[in-house]
Amino acid sequence: MSSAYFFRLVIMSGQLMQLTQLGITTMMFVVILVQEIYGKSKTIKHNFKYPVFLIFVGVFLSMVAAQSFHNQDFVLTFWAQSFMYYYLFYFFLHIISPDIRDLEKILLALGIGYAILYLVQYSIYPTTILDVRFDVDRGTIRIFIPGSTFMGFALFMSLDRFYKSNKIRYILFAFLFIPVYILTGTRYSISITFLVVIASLLFSKIIRSRYVIYFLFVISVIPVYLIFQDIFNAFVDLTRDQSENFESDIRIRAATFFLTEFFPNTLAYLFGNGQDHMRSLYGIHVNIYKITQGFYQSDVGFIGEFSKFGLFFATGAIWLLLKALRAPLKSEYAYIKYRLLVFILVLPVGSTFTNPASIATLCIIMYIIDKNIHELKQESIYDKLKEDKKVC
């Protein structure tokens, strides 16, 4: 919950939420340290420890870079990028060793809670209960609530459970989540979500006829379009305007800027530039880029993350994704592959590796994969022993 800023209720100040984040990560660090020094219990293999280690190398080297290249105090950078310390959650999970089913229930509950909170806030606007960004454009009220990654996880888990069990409650959960994606008014997010949902249906093998799949897809698109016609028409108009003047697209110009002019020297490509803070000149300069030119690092996804934390971080992040995609999984965890596919597809525009809630979700995914690999090895050993007994 702390990774999503407690969904940023208006009664909580931004500083209090950041203190909470730092407090939670400090607690995890202490538990991990005590376990390393005094712990006697042996945990299962950490298959992702080296990619996560590289990410941490990038994070801490970027503090040095912020000090050296931008004169931002080391301590200030340490505070500003406290959200990155949520990668400790991966090691913390291995210590407390929760059951996978319990984690799934928690994530499902968080996804449902997020969707309900979003719909409530949407319905009572302009009254606000959340300290978040509101945009009134594209034919809708766009609300940016931290924690959508939990809902994404819950969506694909619910769909996968429905495919395998045919229990109605799981498809009802999915019908709760999908309208929230549409109401966000984000074309990229909507397109990717529906694309991966279709992919999950295709690979579920429940429906074997591709013509039936096409028919169901067309039937489902029609009512969705009719309900949200104004929003979709606004998307079409915006896309037409941007395609006519592609080079002036703000994202293209921002990506070019953060890959070239933003770096003060070649060494910064290796070390990064660090997370900016408004109490330094570096933070003020970054804010000026936002105000005067509309350049946001968060708008250019992985490029923006790379501009902060450099090559070590980028290498660790890509390595993490590749290892997760190649990992063997039992059929009951197939939804993880679909969630990872979404993470990959949103790389150009989303903060996959630096958003606190996304980091928490990635850590849970890595832990589930580790547990799954361990269980597969144990089953393999057991099967081999059975075969040896039969031979004897």
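Here are four short exercises, with worked solutions, on a predicted model.

**Exercise 1.** Work out how helix α5 lies against helix α7: what is the angle, and how far apart are the axes?

*Solution.* Start by finding the two helices: α5 covers residues 100–124 and α7 covers residues 168–183. They pack at about 50 degrees, and their axes are 10 Å apart. That angle makes α5 oblique to α7. Next comes the handedness: α5 passes α7 in a left-handed crossing. Now look at who touches whom. On the α5 side you'll find L108, G111, I112, Y114, A115, I116, Y118, L119 and Y122, and on the α7 side F173, L176, F177, V180 and L183. Finally, sort these contact residues by type: 13 are nonpolar, one is polar and none is charged.

**Exercise 2.** Do the same for α2 and α14: which way do they run relative to each other?

*Solution.* Pick out α2 (residues 49–70) and α14 (residues 301–326); their axes are 7 Å apart and the packing angle is about 165 degrees. Angles over 145 degrees count as roughly antiparallel, so α2 and α14 get that label. The crossing of α2 past α14 is left-handed. For the contact, α2 supplies ten names to look up, Y50, P51, V52, L54, I55, V57, G58, V59, L61 and S62, while α14 brings K308, F309, F312, F313, T315, G316, A317, W319, L320 and K323. Sorting the contact residues gives 14 nonpolar, four polar and two charged.

**Exercise 3.** Find the largest nonpolar core: how many residues does it have, and which of them have the most contacts inside it?

*Solution.* The count is 86 residues, and M84, Y87, L155, F156 and F353 have the most contacts inside this core. Then ask where its residues come from: helix α16 (residues 356–391) gives the largest share, twelve residues. Zoom in on F156 next. Leaving out residues up to four places away in sequence, F156 touches T193, V196, V197, Y335, Y338, R339 and V342. Last step: look for a separate core. There is a second one, with nine residues, including A254, V286, F295 and V300.

**Exercise 4.** Place V346 in the model: is V346 buried or exposed?

*Solution.* First locate V346, which sits in the loop between α15 (335–345) and α16. Its relative accessible area is 17%. Buried means under 20%, so V346 is buried. Now check its surroundings. V346 and S189 are 157 residues apart in sequence, yet their C-alpha atoms are 7.5 Å apart in space. Not counting residues up to four places away in sequence, V346 touches Y188, I192 and T352.

Note on methods. Residues are numbered from 1 along each chain as its sequence is written. This is a predicted model: local features need pLDDT of at least 70, side-chain atom pairs count only at pLDDT 80 or more; totals for chains, interfaces and linings use all residues. Side-chain values use heavy atoms; hydrogens and water are left out. Axes are lines fitted to C-alpha atoms, for helices over the stretch in contact, and angles run from 0 to 180 degrees between N-to-C directions. Helices (H or I, at least four residues) and strands (E, at least two) are DSSP runs, numbered from the N terminus. Angles under 35 degrees count as roughly parallel, over 145 as roughly antiparallel, 65 to 115 as roughly perpendicular and the rest as oblique. A crossing is left-handed if the near helix is turned anticlockwise from the far one by less than a right angle, and right-handed if clockwise. Contact means heavy atoms within 4.5 Å. Ala, Val, Leu, Ile, Met, Phe, Trp, Tyr, Cys and Pro count as nonpolar, Asp, Glu, Lys and Arg as charged, and the others, Gly among them, as polar. A nonpolar core is a set of buried Ala, Val, Leu, Ile, Met, Phe, Trp, Tyr and Cys residues joined through side-chain atoms within 4.5 Å. Buried means under 20% relative accessible area, exposed over 50%, partly exposed in between (1.4 Å probe, protein chains only).
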